[in-house]
Amino acid sequence: MSSTTSTSAGLTALQVMQDAPVIPVIVLNDVAHAVPMARALVAGGVRMLEVTLRTPQALACIEAIAREVPEAVVGAGTVRSRADAQSAARAGARFAVSPGYTSAVGQACRDVGLALLPGVATGSEIMMAQEDGFTELKFFPAMQAGGPGMLKAWSGPFFDVRFCPTGGVSLQNAAEFLALPNVVCVGGSWLVPADAMAAGDWARITQLAADTAALRK
Ligand code: 3PG
């Protein structure tokens, strides 16, 4: 495999991570919510949007955002197989996030031109992802697997790896993660609460995005 995370589309995992202090993890159950939700996040200063492949509507939502919200960069989350990577790319996703790492998923994302943020929770998984050329990784589930202390411990042996901790991260603890030198951004679902989405409360989502975007890396 190649030695960088660059893709043929030119977007890299590092660019995805550096755009804002947060990558929102989004679960969409209704295609009608996709475009107003994406516009609400963009209005709050958050453009890199991870739509998880966890609902039957997810691919249609990615398609709608890619088509109608050019200011956003839509990616697919929960990518666990070659088929997931292929359908995400077909739908218009520009990056992928996976909850764990396999070489098959890494290669599939390269094949379809998706920048990949692979999920890791152990040293062995970091080493496998690094062997395949990935140096920007998602630490998942971050709080449950050791939190900021784990990232501090990894900064020794894995001095050349940068992380996006996700899982149990919130507006309250995000700053503690962002203060670490090996953290580029955080990920989390708190920007898009299910009740705000169901109520069409886009102003609340914009406010949550703005509050998070204001955190300094
Ligand atoms: C996930 O994949 O569910 C994310 O890591 C979100 O975790 P969170 O809901 O704790 O932010």
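Begin with the whole protein chain, coloured by secondary structure: 10 helices and nine strands appear, taken as DSSP runs of H or I with at least four residues for helices and of E with at least two for strands, numbered from the N terminus. This is a predicted model, in which local features need pLDDT of at least 70 and side-chain atom pairs count only at pLDDT 80 or more, while totals for chains, interfaces and linings use all residues. Residues are numbered from 1 along each chain as its sequence is written, and side-chain values use heavy atoms, leaving out hydrogens and water.

Next, show the C-alpha trace. Its span along the principal axes is about 45 × 35 × 25 Å. The radius of gyration, taken over C-alpha atoms, is 16 Å, which agrees with the value near 17 Å for a compact globule of 217 residues, by the rule of 2.2 Å times the number of residues to the power 0.38.

Then display the surface. The protein chain exposes about 8,800 Å², of which carbon and sulfur atoms supply 54% (Shrake-Rupley method, 1.4 Å probe). Of the 217 residues, 55% count as buried, meaning under 20% relative accessible area with a 1.4 Å probe, protein chains only.

Now select residues 103-112, which form helix 5. Its buried residues are V105, G106, A108, C109 and R110. Which elements do the buried residues of helix 5 pack against? They pack against helix 4 (82-91), strand 4 (95-97) and strand 5 (115-117), where contact means heavy atoms within 4.5 Å.

Finally, select G113, which follows helix 5 and has a positive phi, near 75°.

Key
Buried < 20%, exposed > 50% of the residue type's maximum accessible area, 1.4 Å probe, protein only.
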